[in-house]
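Got your viewer open? Let's take a walk through this one together, one selection at a time.

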Amino acid sequence: MTYHPKSDFIRILSERGFIADCTDLQGLDEALIAGVVPTYIGYDATAASLHVGHLLNIMMLRWLQKTGHKPITLMGGGTTKVGDPSFRSEERPLLSPAMIDSNIAGMGQVFARYLDYGEGASGALMINNAEWLDELNYLEFLRDIGRHFSVNRMLSFESVKSRLDREQSLSFLEFNYMILQAYDFLELNRRYGCLLQMGGSDQWGNIVNGIDLTRRVLDQEIYGLTSPLLTTSDGRKMGKSQGGAIWLNGDMLSPYEFWQFWRNTTDADVGRFLKLYTELPVAECERMGALAGSEINEAKIRLANEVTALLHGPEAAATAEATAREVFEKGGVGDDLPTLALSETEIGDGISVIQLLVRSGLAKSGKEAKRLIADNGARIDDAPLSDPGLMLDAEALASPVKLSAGKKRHALITRAP
């Protein structure tokens, strides 16, 4: 970046690698110096928890608040009823209002770990866009808002164009999504003085639409800033793992499994992830990212500890590290491994090791479990597991049994008390 920012917020984001594009970087920088800048990111309530893919932008809101500005987490109670078509090959399933409310409550648990929703100029706000979208009068909305949108321009946005180029259907319902998101920015500006929307770079078209609409209707100067869409150094989308989504709620993914995800970071990504997902000084992040050999493993443990401490607390991070060291270095069991507790009825006369691999989450299907055993990738109590027909009875499960898939994924099987 050739422009040298004066505000702490833009300087920090620039140094740490958070910025992909900005509609007017110098104008935004000056606004940040002039006073408190209320800033929002929107989150549709499509699941009961946020996942690792959301964490980059949550960290941006955290830095925003730490530099004296006001974060707004906008929950999509209204827009979730429509579904964002951006870069999707098919329409999202529609959720009931009760399910949307339940998802919003689950997502709120995570924001409270990163942001301070207290009073004051920089106190964070959580707002639901159903507040205004549920009350819209369709004819008035078409007349007052719809007239500002060019269909030709909307069709030119990459998120829509890519769907149409593949000759995949785009419903009128979904086509309305970008108008509703643009209207969110206008309402947030009108009600809360919001001056900035942030999001991933796939949201660029939607953000620009909101800026144009707010300028036309309210004659307000507002800004958009996007973060890069992250892929790992081996080309995978950030947050995707063999076991599925890396959820941020502890009841959907244990702190230990979350810690393990970060501990398993590829060497080449360590320095970049330290800058994006921790608050360690940039120089320290770069120093650790440049380590090699066994030293880079200590940097990965530091990364896992820092990220887990922010989300689940320092105690959970320390417990996860202790469990990992016991499991990997001493071959022990550890108290914090994902655990499957079976009732006597479930065990019956015996339960197959194939079922246990699937039910503990170490394999997605019986077929995958058999392949894991055939490829010598499964272990039971740290010994190679070679018999796919092995059955474990109540006596075998009298003490915990440790199952492993590869070197890094483990689970405990126990008999329920």
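Select Phe175, which sits in helix α9 (residues 172-175). Keep in mind as you look that this is a predicted model. Is Phe175 buried or exposed? Its relative accessible area is 16%, and buried means under 20%, so Phe175 counts as buried. Now show what is around Phe175: leaving out residues up to four places away in sequence, it touches Val151, Met154, Leu155, Val160 and Leu170. For a sense of scale, add Ile222: Phe175 and Ile222 are 47 residues apart in sequence, and their C-alpha atoms are 24 Å apart in space.

**The first sheet**

Next, switch to the cartoon view and find the open sheet of 6 strands, in the order β1-β6-β5-β2-β3-β4, with mixed pairing. Which strands stand at the edges? They are β1 (21-22) and β4 (125-128); each has a single partner strand, so one side of each lacks a neighbour in the sheet.

Zoom in on β6 (residues 223-227) and its partner β5 (residues 196-200): these two run parallel and are joined by 5 bridges. You can pick out some of the pairs yourself. Gln197 stands opposite Gly224, and Gly200 has Ser227 as its bridge partner. Now look at the link between β6 and β1, where 2 bridges join strands that run antiparallel. There, Cys22 stands opposite Leu225.

Stay on β6 and check how covered it is: 5 of its 5 residues are buried. In a regular strand, side chains alternate between the two faces of the sheet. Colour the two sides separately and you get Tyr223, Leu225 and Ser227 on one, with Gly224 and Thr226 on the other, all buried.

**Helices on the sheet**

Now add helix α3 (residues 52-66). It lies across β2 (38-43), β3 (70-75), β5 and β6, and runs at about 165° to β2. Helix α4 (residues 97-114) packs on the sheet too, touching β2, β3 and β4, and its direction makes about 160° with that of β3.

While you're on α4, select Asn103, which lies in this helix. How accessible is Asn103? Its relative accessibility is 4%, so Asn103 counts as buried. A polar atom of the Asn103 side chain lies 3.3 Å from the backbone nitrogen of Ala48. Ala48 is also one of the residues that Asn103 touches, along with Ala45, Thr46, Ala47 and Leu95, not counting residues up to four places away in sequence.

**Into the core**

Time to hide the cartoon and show side chains. In soluble globular proteins, nonpolar side chains tend to be buried together. Here, the largest nonpolar core has 68 residues, and those with the most contacts inside it are Tyr43, Tyr114, Leu225, Leu248, Phe258, Trp262 and Tyr277. Which helix gives the largest share of this core? It's α3, with 9 residues.

Click on Leu248 and show its contacts: among them are Leu50, Val52, Leu55, Ile58, Val110, Phe258 and Leu311. Apart from this core lies another one, of 28 residues, including Leu133, Phe157, Phe185 and Leu213.

Phe258 and Trp262 take you to helix α12, whose buried residues are Tyr256, Phe258, Trp259, Gln260, Phe261, Trp262 and Arg263. That is 7 of the 9 residues in α12 (residues 255-263), so the helix is largely enclosed by the rest of the structure.

**A helix pair**

Select residues 282-289 (α14) and 293-312 (α15): these helices pack at an angle of about 140°, with their axes 9 Å apart. How do they sit relative to each other? At that angle, α14 and α15 are oblique to each other. The contact involves Glu284, Met288 and Gly289 from α14, and Ile296, Ala299 and Arg302 from α15.

**The second sheet**

For the last stop, find the open sheet of 5 strands, in the order β9-β15-β14-β11-β12, again with mixed pairing. Which are the edge strands here? They are β9 (339-342) and β12 (383-384), each pairing on one side only. Finish on β11 (residues 378-380) and β14 (residues 401-405), which run antiparallel and are joined by 3 bridges. Highlight Arg379, and you'll find its bridge partner in β14 is Ser404.

Notes: Residues are numbered from 1 along each chain as its sequence is written. This is a predicted model: local features need pLDDT of at least 70, side-chain atom pairs count only at pLDDT 80 or more; totals for chains, interfaces and linings use all residues. Side-chain values use heavy atoms; hydrogens and water are left out. A nonpolar core is a set of buried Ala, Val, Leu, Ile, Met, Phe, Trp, Tyr and Cys residues joined through side-chain atoms within 4.5 Å. Buried means under 20% relative accessible area, exposed over 50%, partly exposed in between (1.4 Å probe, protein chains only). Helices (H or I, at least four residues) and strands (E, at least two) are DSSP runs, numbered from the N terminus. Contact means heavy atoms within 4.5 Å. Two strands pair if DSSP finds at least two bridges between them. Axes are lines fitted to C-alpha atoms, for helices over the stretch in contact, and angles run from 0 to 180 degrees between N-to-C directions. A polar contact is a pair of N or O atoms within 3.5 Å; within protein, one must be able to donate a hydrogen and the other to accept it, and residues adjacent in sequence count only if both atoms are side-chain atoms. Angles under 35 degrees count as roughly parallel, over 145 as roughly antiparallel, 65 to 115 as roughly perpendicular and the rest as oblique.
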